[in-house]
Amino acid sequence: MKEKLLECFKKMYGYDEGVSVYFAPGRVNLIGEHTDYNGGHVFPCALSIGTFAAVAKRDDDRIRFFSMNFEDRGIFETSLSDLVYSDEAGWTNYPKGVMWAFEGRGFKIPDGMDIVIYGNIPNGSGLSSSASLEVLTGFMLRDLFGFELTNQDLAIIGQYSENNFNGMNCGIMDQFASAMGKKDNAIFLDTATLEFEYAPVVLEGMKIVVTNSKVKHSLVDSAYNDRRSSCEKALLELQKVIDIKTLGDLTEEEFEKNRSAIPDTDRQKKARHAVYENQRTVKAFNALKAGDIEAFGKYMNESHISLRDDYDVSCPEIDLLVDEAWKIPEVLGSRITGGGFGGCTVSIVKDEAIDGFKEKLSASYKKAFDMEPEFYVVSIGDGPSKL
Ligand code: GLA
């Protein structure tokens, strides 16, 4: 991969001295969905696929970007004095946003750069290609210019830039999973405190299989931001009757006792998801630690039902993939993963049933929607690195 990026760099920019190559991973979330902006727990892991950059410093303040994934869009040019969002800047708004956030925190970027990007996360799959690009940008800026920042800082800056430069009010999960990933481990993260624990994912005779529905419904960012506002409003209503800082502070019982403080029934359902999903994530983490994958799988299934019925972030394509997976006895659990409205499902499947799983889901999906899903058997990778 390094050679491919270096070759493209030389072709696009006409030189190859002083070029470094970096990588940051995408992520899949095992459980704990839409809890990360509600002070709850999440349980994602970094993937071995992600986003790569070849980059060299310039002696002026120009920045040139080229993506091997969007060759026809050519080179985008900007400068360090023009780090503002624009629709025409397309995907480069992500790295630009991170540079903008560095500068805003007093990490003055001294030189311009020539940059080539390549990503092997399927586009729009909900496996965090944007978070990996943000973490990658932060990681390479830190290395190139010697900024004193931890990987956790890079995650926070990435989220900040996505919220404030790109207008998507995401939580910390994706950037944290990318920046802090550890091979063969999932990250049990308390998003209220950023305390976390690595949990080895030991699956004897089974694999994590990600199924890409290849659909991405429109208005995803605004639907996401709406969910977030509903939860914020529900929290304010609950705070009138109970002393809590976030929805993640509530047990299921406390929620049931106080839920009438939320007058709107739809908002009550959104808050219920946030509370129950957080508690479920803690239970699922404990089950995995105890080696009880059966229980872990059941929590995954419950998570899907809650995301589908209460949080309303699933869609018919995803529901079909999950329903078909549930029918297979060798599937321990299956659910939608990530922000929702399309994207991927995550399932735990016994080794001997993986081929059958793919065949069954493909046939049903083709029949219902005339589309082919894609499957990835997950290998859990490390966080960002210089290659
Ligand atoms: C997106 C966001 C995350 C998280 C998930 C839902 O991936 O970027 O912060 O909220 O949705 O769990």
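Mentor: Two residues are in contact when they have heavy atoms within 4.5 Å of each other. This is a predicted model, in which local features need pLDDT of at least 70 and side-chain atom pairs count only at pLDDT 80 or more, while totals for chains, interfaces and linings use all residues. Residues are numbered from 1 along each chain as its sequence is written, and side-chain values use heavy atoms, with hydrogens and water left out.

Trainee: What makes α4 (residues 151-164) a helix in this numbering?

Mentor: Helices are DSSP runs of H or I with at least four residues, strands are runs of E with at least two, and both are numbered from the N terminus. α4 has 14 residues, so it satisfies the minimum for a helix.

Trainee: How does the span of α4 compare with the expected value?

Mentor: The expected span is 1.5 Å times one less than the number of residues. From first C-alpha to last, α4 reaches 20 Å, close to the expected 20 Å.

Trainee: Why are α2 (residues 93-104) and α4 described as roughly perpendicular?

Mentor: Axes are lines fitted to C-alpha atoms, for helices over the stretch in contact, and angles run from 0 to 180 degrees between N-to-C directions. Angles under 35 degrees count as roughly parallel, over 145 as roughly antiparallel, 65 to 115 as roughly perpendicular and the rest as oblique. The two axes come within 8 Å and cross at roughly 110 degrees; α2 and α4 are therefore roughly perpendicular.

Trainee: Which residues form that contact, and how do they divide by character?

Mentor: α2 contributes Y94, G97, V98, W100, A101 and F102, and α4 contributes L154, I157, Y160, S161, E162 and N164. Eight are nonpolar (Ala, Val, Leu, Ile, Met, Phe, Trp, Tyr, Cys, Pro), three polar (the others, Gly among them) and one charged (Asp, Glu, Lys, Arg).

Trainee: Against which helices do the buried residues of α4 pack?

Mentor: They pack against α2, α3 (129-145) and α5. L154, I157 and S161 are among the buried residues of α4.

Trainee: Why is H34 called buried, and D184 partly exposed?

Mentor: Buried means under 20% relative accessible area, exposed over 50%, and partly exposed in between, with a 1.4 Å probe and protein chains only. H34 has 4% and is therefore buried, whereas D184 has 42% and is therefore partly exposed.

Trainee: What makes the phi of H34 notable?

Mentor: Most residues other than glycine have a negative phi. The phi of H34 is positive, near 60 degrees, and H34 lies in the loop between β1 (20-29) and β2 (41-42).
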